[in-house]
Amino acid sequence: MSTTHAPAPPIGKAAVGALGALAVSTGALESVVTPTLPLLQRELDMSPAEGALLSIVLLVTGALITPIAGKLGDRYGGKRVVVRLMAVVCAGGLVSALAPNLPVLLLGQVLQGAMVGALPLSFILVRAHLPAGESKVAIGVVSGLFVGGAMAGTLAAGPVAEGLSRHWMFALPTFAVIGATMLVHRLMPHDPPRRTDGAGIDWPGLVLLSGTLVTLMLVLGLGADLVAQPLVLLGLVVLLAAFGTGWVAVERRAASPMVDLRMLTRPAVGKSCVLTFLICVGTSAATYLVPQLFAVPADTYGFGASATEIGFFLLPGALAASLAGPISGIGVRRLGSRAVVTAGVLLMTVGLLGLAAAHTEIWHLVVGKALVALANGLCVTAMVTRTATSVDLGDTGIATGLVLVTRVIGFAVGVQVTGAILTAGTPSGSEIPAESAFVAGFVLAAAVTALSLLVVRTMSKGVKE
């Protein structure tokens, strides 16, 4: 049951800027582990399996918290929930910064995973306080700044960790999150709740989804190593199927499911989720493979780049990603979501095929990565904007949460698959993958991205379906 509330007061540029600052700082904090994982493995004496766990735990917990955060934001108001959520994120960042060992660092990353729920909450606030036309642009700006912040974190993490320490690598963006949260609390007016039903959190659904995601990551990450142990691999696959089937059954029967699967039957939401998954699988290949290719020794087919050099080479991609959100928001407003997504998919496919065909010069990788980053920002922002503006205002958090969960899962799946391709393509007795493994990864990513055009063809030109 819901009740009618007075409209939320309008907001100015300062409040939108506070949300943008929060997006930048949380994006930066989210991204610092990936470029510095070898350093963390050395300092904390981690095995490769432990390193893989560290690299995905934030994604997994983020996928779990996002639908819950969106639902609570719809029910209690976005500002109230986002401030409390950021308090958890700040605590996680400080725990990670002070962590003396791997278990404490894992705890910090679990808490930091709550940051992924900030985006749907931001969309709730934007839609509650701005007219429809302005909200589309504002959603694009916030989404783009989150992507730009993530790229900035990737660029800065290596130099900060090498020049100061791994502790400061977590501490600096955490301080930024604290400051941005205080700005949001001060500048953003309260928005009225849109749902007033009293149903609680769907704990069975949360547990089953947790099991599904963790088992999926284990199958993808360890599948190649478990080929010699088929019974173990079969057991994991059966467990994955059991968790997934059980979760779907529970969510379909729950009075207040953590992920409302009925929302997927709406064409705008279902198609957005499928497209987001395919596009993020393609994006993650470039995100993972390009830095690895930069780091391959120069006496083979690589460039022997240091962490600081890699960050510099990725700077054009960071700029492209930060601009993609606002461009996409304006494009959706003027041309419709289908046109923007089509352009993004074609651009990404060209970029990935270009990386597969030409990667012998540094500028090849710089340009290819920038094209993929720009295309990803265009597509994902258009999908989120399309979803947010095609459902009832009270369903904004739930619908956009579904798309953002799909984004996280697609990225995690893509990284695990491309990592497995490099592992399988590494000759026995060598630590350097064969060049053909990189080519195979880029080509596979381009093929997956191109498949999304089949879904794009069925989209309406606008954002309503």
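Reader: What makes F294, F303 and F313 a cluster?

Author: Ring pairs link F294, F303 and F313 together. Please keep in mind that this is a predicted model.

Reader: How many aromatic pairs does a search of the whole structure find?

Author: The search finds three aromatic pairs.

Reader: Why is the pair of F294 and F303 called tilted?

Author: Let us take the ring centres and then the planes. The centres of F294 and F303 are 6.0 Å apart, and rings pair if their centres lie within 6.5 Å. Planes under 30 degrees apart would count as stacked and over 60 as edge-to-face. The planes of F294 and F303 stand at 55°, so the pair is tilted.

Reader: How do you know that F294 is buried?

Author: Buried means under 20% relative accessible area. F294 has 0% relative accessibility, so F294 counts as buried.

Reader: What makes F294 and F313 an aromatic pair, and which kind is it?

Author: From centre to centre the rings of F294 and F313 are 4.9 Å apart, and the limit for a pair is 6.5 Å. Their planes make 35°, and the rule calls planes tilted if they are neither under 30 degrees nor over 60 degrees apart. The pair of F294 and F313 is therefore tilted.

Reader: Where in the chain do F294 and F313 sit?

Author: F294 belongs to helix α11 (residues 267-295) and F313 to helix α12 (residues 307-313). With their positions 19 residues apart, the pair links distant parts of the chain. Both F294 and F313 are buried.

Reader: Now to the helices. Why is α14 called roughly antiparallel to α17?

Author: Helix α14 (residues 337-357) packs with helix α17 (residues 435-456) at an angle of about 160°. Angles over 145 degrees count as roughly antiparallel, so α14 is roughly antiparallel to α17. Their axes are 8 Å apart, and α14 passes α17 in a left-handed crossing.

Reader: Which residues of α14 and α17 meet?

Author: Among them are V341, V345 and L352 in α14, and F442, A446 and L453 in α17. The residues of this contact of α14 with α17 divide into 16 nonpolar, four polar and one charged.

Reader: What makes α13 oblique to α14?

Author: Helix α13 (residues 315-335) and α14 pack at an angle of about 130°, with their axes 7 Å apart. Roughly antiparallel needs over 145 degrees, and roughly perpendicular covers 65 to 115. An angle of about 130° fits neither, so α13 is oblique to α14. S328, G331, V332 and L335 of α13 make the contact with S337, A339 and V340 of α14.

Terms used. Residues numbered from 1 in each chain as written. Predicted model: local features only at pLDDT ≥ 70, side-chain atom pairs only at ≥ 80, totals over all residues. Heavy atoms only, no water. Axes fitted to C-alpha atoms, helices over the stretch in contact; angles between N-to-C directions. Helix = DSSP H or I, 4+ residues; strand = E, 2+ residues; numbered from the N terminus. Parallel < 35°, antiparallel > 145°, perpendicular 65-115°, else oblique. Left-handed = near helix turned anticlockwise from the far one by under 90°. Contact = heavy atoms within 4.5 Å. Nonpolar A, V, L, I, M, F, W, Y, C, P; charged D, E, K, R; others polar. Buried < 20%, exposed > 50% of the residue type's maximum accessible area, 1.4 Å probe, protein only.
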